[in-house]
Amino acid sequence: MSEIQNSTGTLARRVDQLTRLIEVSKSVAAQLDLEPLLQSIVNTATDLLRAEMGGLLVLSVDKRSYQYFKVSGWPYKPEGF
């Protein structure tokens with residue numbers, strides 16, 4: 001692969017990543033329900049990082065439990081959810 005092709009591929013990937021981040025920012029501004037928004041953020045971050053799985057855990061104010069738990073790419077449904 002030539003250096004120009006490699007640079008073009010890298011640039012195209014960065015443009016795609018930035019476009020998707022802009023879409024997530026718009027979702028943050030427009031979303032009224034927090035749970036789907038958090039799931040969307042986890043899904044997008046997992047995809048952008050090309051990770052197999054991703055997760056987000058938001059602790060409660062007292063830090064003794066969690067308030068939100070969102071995963072992307074996890075093949076199993078967690079018990080109790």
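Where is S60 found? S60 sits in the loop between β1 (54-59) and β2 (66-72), and the first close-up below starts there. Everything shown comes from a predicted model, where local features need pLDDT of at least 70 and side-chain atom pairs count only at pLDDT 80 or more, while totals for chains, interfaces and linings use all residues. Residue numbers run from 1 along each chain as its sequence is written, and side-chain values use heavy atoms, with hydrogens and water left out.

**View A. S60 in the loop between β1 and β2.** Helices (H or I, at least four residues) and strands (E, at least two) are DSSP runs, numbered from the N terminus. S60 counts as buried because its relative accessible area is 14%; the cut-offs are under 20% for buried, over 50% for exposed and in between for partly exposed, with a 1.4 Å probe and protein chains only. The side chain of S60 makes a polar contact of 2.4 Å with that of D62. Such a contact is a pair of N or O atoms within 3.5 Å; within protein, one must be able to donate a hydrogen and the other to accept it, and residues adjacent in sequence count only if both atoms are side-chain atoms. Setting aside neighbours within four places in sequence, look for S65, Y66 and Q67, which are in contact with S60 (heavy atoms within 4.5 Å).

**View B. K63 and R50, two loop residues with positive phi.** K63 shares the loop between β1 and β2. Its phi is near 60 degrees, a positive value in a residue that isn't glycine. K63 is exposed, with a relative accessible area of 65%. Now shift to the loop between α2 and β1, where R50 has its place. R50 isn't a glycine either, yet it has a positive phi of about 55 degrees. At a relative accessible area of 62%, R50 is exposed.

**View C. The R20 and D47 salt bridge.** Side chains of opposite charge can pair when their charged atoms come close. A search of the whole structure turns up 2 salt bridges, each one a side-chain nitrogen of Lys or Arg within 4 Å of a carboxyl oxygen of Asp or Glu. In the one shown here, R20 pairs with D47, and the closest N and O atoms are 2.1 Å apart. This pair links distant parts of the chain: R20 is in helix α1 and D47 in helix α2 (residues 34-48), 27 residues apart. R20 is partly exposed at 23% relative accessibility, and D47 is partly exposed at 41%.

**View D. The E35 and K70 salt bridge.** Here the closest N and O atoms of E35 and K70 are 2.8 Å apart. E35 belongs to helix α2 and K70 to strand β2, so the pair ties together parts that are 35 residues apart in sequence. Which partner is buried, and which is partly exposed? K70 is buried, at 13% relative accessibility, whereas E35 is partly exposed, with a relative accessible area of 39%.

**View E. A nonpolar surface patch on L57, L59, Y66 and F69.** These four side chains make a patch of about 380 Å², with β1 and β2 each supplying at least two residues. Patch residues have over 30% relative accessible area and no salt bridge; nonpolar side chains (Val, Leu, Ile, Met, Phe, Trp, Tyr) are joined within 5 Å, and like charges within 9 Å. Areas come from the Shrake-Rupley method with a 1.4 Å probe, and for residues only the protein chains shown count as cover. L59 is in strand β1 and partly exposed, at 46% relative accessible area.

**View F. The aromatic pair, Y66 and F69.** Rings of Phe, Tyr and Trp (its six-membered ring) pair if their centres lie within 6.5 Å; planes under 30 degrees apart are stacked, over 60 edge-to-face, and the rest tilted. By this rule the count is 1 aromatic pair. The ring centres of Y66 and F69 are 6.0 Å apart and their planes meet at 55 degrees, so the pair is tilted. Y66 is partly exposed at 43% relative accessibility, and F69 is partly exposed at 32%.

**View G. Q17 and S27 in helix α1.** Q17 lies in this helix, which covers residues 3-30. Q17 is buried at 16% relative accessible area, and a polar contact of 3.1 Å joins its side chain to that of R14. Further along, S27 is partly exposed, at 27% relative accessibility. S27 and S40 are 13 residues apart in sequence and 8.5 Å apart in space, C-alpha to C-alpha.
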